[in-house]
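Dear colleague,

Please find below the structure that I am handing over to you, together with its sequence. My findings follow directly after it.

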Amino acid sequence: MMTSLFDLVIPLVLLGTAAWALYRRVDVWSAITAGAAEGLGTVVKIFPNLVCLLTAVYMLRASGAMEAFAALLSPVFGLLGIPPEIAPLMVVRPISGSGALAVGAEMIEAHGPDSLIGRTAAVLLGSTETTFYTIAVYFGAAGIQKTRYAIPAALTADVAGFFVAALTVRWWFY
């Protein structure tokens, strides 16, 4: 069985790092344990934010509020050239990556991967961010309590991403 160069990348990086550490006379075990302790400290700082965010996402989905909001915005999306069927995905995407992936998979399964809806869902998933999750993780890790303009700016970028994703799919495929 032939081993490709790509199969050797990670072992070579680890070997190179170990060789460099030996050359520099670094106590590797102390460095690893210090890094692990710092990582656990970060997890402890961001955990409350993640619990609150995931609880809110579950409550919105379970109550039907997310679907109602998507139905309310569907006419606006249609005017912008975005397939109205994509509305639930656009509502879920800034909140939950796994939820958006599930909604996108359902859309692709229902409408087909080569349909306007399927392609738009795929491009939208790849070109936008889970805004609230990202803000919760990074701001929580940095200890920032007030997000100030970060959320409005990020949501504006999401809306631009949604529009450009739909426009790009229409331009390239239809």
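Helix 3 and helix 7 (131-142) are among the elements that cover the buried residues of helix 2. Please bear in mind throughout that this is a predicted model.

The buried residues in question are Ile 46, Leu 50, Leu 53 and Val 57. Helix 2 is also bent: the bend is about 40 degrees and lies at Ile 46, with a proline, Pro 48, following within four residues. As for its length, the 36 residues of helix 2 should span 52 Å at 1.5 Å a residue, and the end C-alpha atoms are 51 Å apart, which agrees.

The packing of helix 2 (residues 28-63) against helix 3 (residues 65-79) deserves separate mention. Their axes lie 4 Å apart and make an angle of about 70 degrees. Angles of 65 to 115 degrees count as roughly perpendicular, and helix 2 and helix 3 are therefore roughly perpendicular to each other. On the helix 2 side, the contact is made by Val 57, Leu 60, Arg 61 and Ser 63, which meet Ala 65, Met 66 and Glu 67 of helix 3. By character, the residues of this contact comprise four nonpolar, one polar and two charged. Val 57 thus appears twice, as one of the buried residues of helix 2 and as one of those that meet helix 3. Gly 64 follows helix 2 and has a positive phi, near 90 degrees.

Two further residues of helix 3 were examined. Ala 70 belongs to helix 3 and is buried, with a relative accessible area of 3%. Leaving out residues up to four places away in sequence, Ala 70 touches Ala 87, Pro 88 and Val 91. Between Ala 70 and Ser 127 there are 19 Å in space, C-alpha to C-alpha, and the two are 57 residues apart in sequence. Ser 74 is likewise found in helix 3. The cut-off for a buried residue is under 20% relative accessible area, so Ser 74 counts as buried at 17%. With neighbours within four places in sequence set aside, Ser 74 is in contact with Pro 84 and Ala 87. Ala 87 is therefore a partner of Ala 70 as well as of Ser 74, and the numbering places Ala 87 in helix 4 (87-92).

Helix 6 (residues 116-127) has twelve residues and reaches 16 Å from its first C-alpha to its last, close to the 16 Å expected at 1.5 Å a residue. Its buried residues are Leu 116, Ile 117, Gly 118, Thr 120, Ala 121, Leu 124 and Leu 125. These pack against helix 4, helix 5 (97-111) and helix 8.

Finally, I draw your attention to two backbone angles in loops. Most residues other than glycine have a negative phi. Arg 25, although not a glycine, has a positive phi of about 60 degrees. Arg 25 sits in the loop between helix 1 (5-24) and helix 2, and is exposed, with a relative accessible area of 75%. Arg 148, which is not a glycine either, has a positive phi of about 55 degrees. The loop that holds Arg 148 runs between helix 7 and helix 8 (150-173), and at 66% relative accessibility Arg 148 counts as exposed.

With kind regards

Methods. Residues numbered from 1 in each chain as written. Predicted model: local features only at pLDDT ≥ 70, side-chain atom pairs only at ≥ 80, totals over all residues. Heavy atoms only, no water. Axes fitted to C-alpha atoms, helices over the stretch in contact; angles between N-to-C directions. Parallel < 35°, antiparallel > 145°, perpendicular 65-115°, else oblique. Contact = heavy atoms within 4.5 Å. Nonpolar A, V, L, I, M, F, W, Y, C, P; charged D, E, K, R; others polar. Expected span 1.5 Å × (residues − 1). Bend = angle between axes of the 7 residues up to and from the residue. Buried < 20%, exposed > 50% of the residue type's maximum accessible area, 1.4 Å probe, protein only.
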